[in-house]
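Open the structure in your viewer and keep the selection box at hand. This tour goes from stop to stop, saying what to select and what is there.

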Amino acid sequence: MKNHMVVVITGASSGIGRATALEFARKGCDLVLAARFGAGLEEVAQECNRLGGRALAVPTDVANEDQVNALAAEAREAFGGFDVWVNNAAVGLFGHFEEIPTQDIRQLMEVNLFGHIYGARAAIRQFKAQGHGILINVSSMVALVGQPFSIPYTTSKFAIRGMSISLSQELADEEDIHVCCVMPAVIDTPIFQHAGNYMGRAVKAPKPVIPAKRVARTIYRLTQKPQEQVTVGNMSRMMRFQRLVSPALLFDKYMQKMISTQHFKRKPSRAFQGNLYEPITNWNKVNGGWLPEDSGKGKKISLIAGLALAGTLGAWYYNRLKRQAGPANFSSDFDDARPLPPIHPEPPLPAETFHAHHRSIIVNHDTTAGMHDSTIISHGSATGNHGVTGSGLGGETEGLSG
């Protein structure tokens, strides 16, 4: 793809969307920015102009298909078309599944899922007409491993990933049209301040948290070298591997406990619809204040979490062998044998190697494709906060993509 591009970004007023707009502006791109909060969007456009881009702010509710189509028309009128469409707008929602109001679940799907569907359809029409283009859908690492207490959000992110994979297949003969899916981990954005919450406890970002600019840089790189699926963060490789090889019940109990303890504060919280229906006009910036300045701690936490889970799996496996063999048999069979080797998490693979490995092995399980740079989850708002919901493994996990 050429360096000078026309790029449409939804959810651009805060979080990942805002960081992505600034990243493309630094490259001198023309931008068409969309979000519900018009004043916040204008602020982003002005900042992009100062950085060297040309930005047009178009207030848009992505849950309204007519408004999404009008957004595409504005891009054509202003710049003659567009080369890249970034579907990023999303809202978050926490709570016990059976207690979340049905209308709130429906509204989340209108924004997160149908907003992506409307954007993808508008983009593909333009790409087919001009013969090229890149659609980038921002999903979340929850779309790979799941996450309790944010099931509507997780469902929407699985659906976005499924749409991306299937659309790539449908467009397989279109050599110059690409569909990419980005799955961030826990990102430092205002998603957690903006999310609806029926848990009765205040939400927090599970550690480690990574900056939104990492996601923005990944999105830009996809315009230069498209890939079907990439992740952002380091914990994702280990998390996904553990999800595939560990007993389902053990992994599920671990996730339940870690999300419950690391994604929520002890502080009580009233029921809160967040930005499901209307934009929240505070916290309209890239970060959400979750990331300490000295971010080197994240890698240590990620490693510790991986080792802890590996140790848990090792103990489970040993006890299972013991129960199956019986006390006497287990003693006679194993006392004189060499001790079982410890279970260690595999070190992260280079992006290219892991991408190939993922394709050859994991795709055969669930038709998922390439792993990339890594992690779990947080995506945020129709105003631009993608927070994926943190897997709360103490490693780079995503909750709502931020």
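The stops below begin with the whole chain and then move to strands, salt bridges and helices.

**Before you select anything**

The model is predicted: local features need pLDDT of at least 70, side-chain atom pairs count only at pLDDT 80 or more, and totals for chains, interfaces and linings use all residues. Residues are numbered from 1 along each chain as its sequence is written, and side-chain values use heavy atoms, with hydrogens and water left out.

**Stop 1: the whole chain**

Show the chain as a cartoon. It has 13 helices and 13 strands. Helices (H or I, at least four residues) and strands (E, at least two) are DSSP runs, numbered from the N terminus.

Of the 402 residues in the chain, 55% are buried. Buried means under 20% relative accessible area, exposed means over 50%, and partly exposed is in between (1.4 Å probe, protein chains only).

Switch to a surface view. The accessible surface of the chain is about 16,900 Å², and carbon and sulfur atoms account for 52% of that. Accessible areas come from the Shrake-Rupley method with a 1.4 Å probe; for residues, only the protein chains shown count as cover.

A contact means heavy atoms within 4.5 Å. Among contacts in the chain between residues at least 6 apart in sequence, 76% join residues at least 24 apart.

**Stop 2: strands β1 and β2**

Select residues 6-10, which are strand β1. Because 5 of its 5 residues are buried, β1 is largely enclosed by the rest of the structure. Show the side chains: Val6, Val8 and Thr10 point one way, while Val7 and Ile9 point the other way.

Add residues 30-35, strand β2, which runs parallel to β1 and is joined to it by 5 bridges. Two strands pair if DSSP finds at least two bridges between them. To find one of the bridges, select Val7 in β1 and its partner Leu31 in β2.

**Stop 3: strands β4, β6 and β7**

Now select residues 133-138, strand β6, where 6 of 6 residues are buried. Gly133, Leu135 and Asn137 point to one side of β6, and Ile134, Ile136 and Val138 to the other.

Which strands pair with β6? Strand β4 (residues 84-87) pairs with β6 in the parallel sense over 4 bridges; here Val84 has Ile134 as its bridge partner. Strand β7 (residues 177-184) also runs parallel to β6, with 6 bridges joining them. Ile136 stands opposite Cys180 in β7.

**Stop 4: salt bridges**

The structure holds 5 salt bridges. A salt bridge is a side-chain nitrogen of Lys or Arg within 4 Å of a carboxyl oxygen of Asp or Glu.

Select Arg18 and Glu43. Their closest N and O atoms are 2.6 Å apart in a salt bridge. Arg18 lies in helix α1 (residues 15-26) and Glu43 in helix α2 (residues 38-51), so the pair ties together parts that are 25 residues apart in sequence. Arg18 is buried at 5% relative accessibility, whereas Glu43 is partly exposed at 42%.

Next select Asp30 and Arg54, whose side chains meet in a salt bridge with an N to O distance of 2.8 Å. This pair links distant parts of the chain, with Asp30 in strand β2 and Arg54 in strand β3 (residues 54-59), 24 residues apart. Asp30 is buried, with a relative accessible area of 4%.

Then select Arg121 and Glu65, which form a salt bridge at 3.7 Å, N to O. Arg121 is in helix α4 (residues 102-130) and Glu65 in helix α3 (residues 65-79), 56 residues apart. Both are partly exposed: Arg121 at 44% and Glu65 at 27%. Finally, add Glu47 to Arg18 and Glu43: salt bridges that share partners join the three into one network.

**Stop 5: helices α8 and α9**

Select residues 212-224, helix α8, which has 13 residues and reaches 19 Å from its first C-alpha to its last. The expected span is close to this, at 18 Å; it is 1.5 Å times one less than the number of residues. Buried residues in α8 include Ala212, Val215, Ile219 and Leu222.

Move on to Met235 in helix α9 (residues 235-245). Is Met235 buried or exposed? Met235 is buried, with a relative accessible area of 1%. Also select Pro208: it is 27 residues from Met235 in sequence and 9.1 Å away in space, C-alpha to C-alpha.

Val245, also in α9, is partly exposed at 48% relative accessibility. Select Val245 with Phe241 and Leu244 to see a nonpolar patch on the surface, with about 250 Å² of accessible area together. Patches are made of residues with over 30% relative accessible area and no salt bridge; like charges are joined within 9 Å, and nonpolar side chains (Val, Leu, Ile, Met, Phe, Trp, Tyr) within 5 Å.
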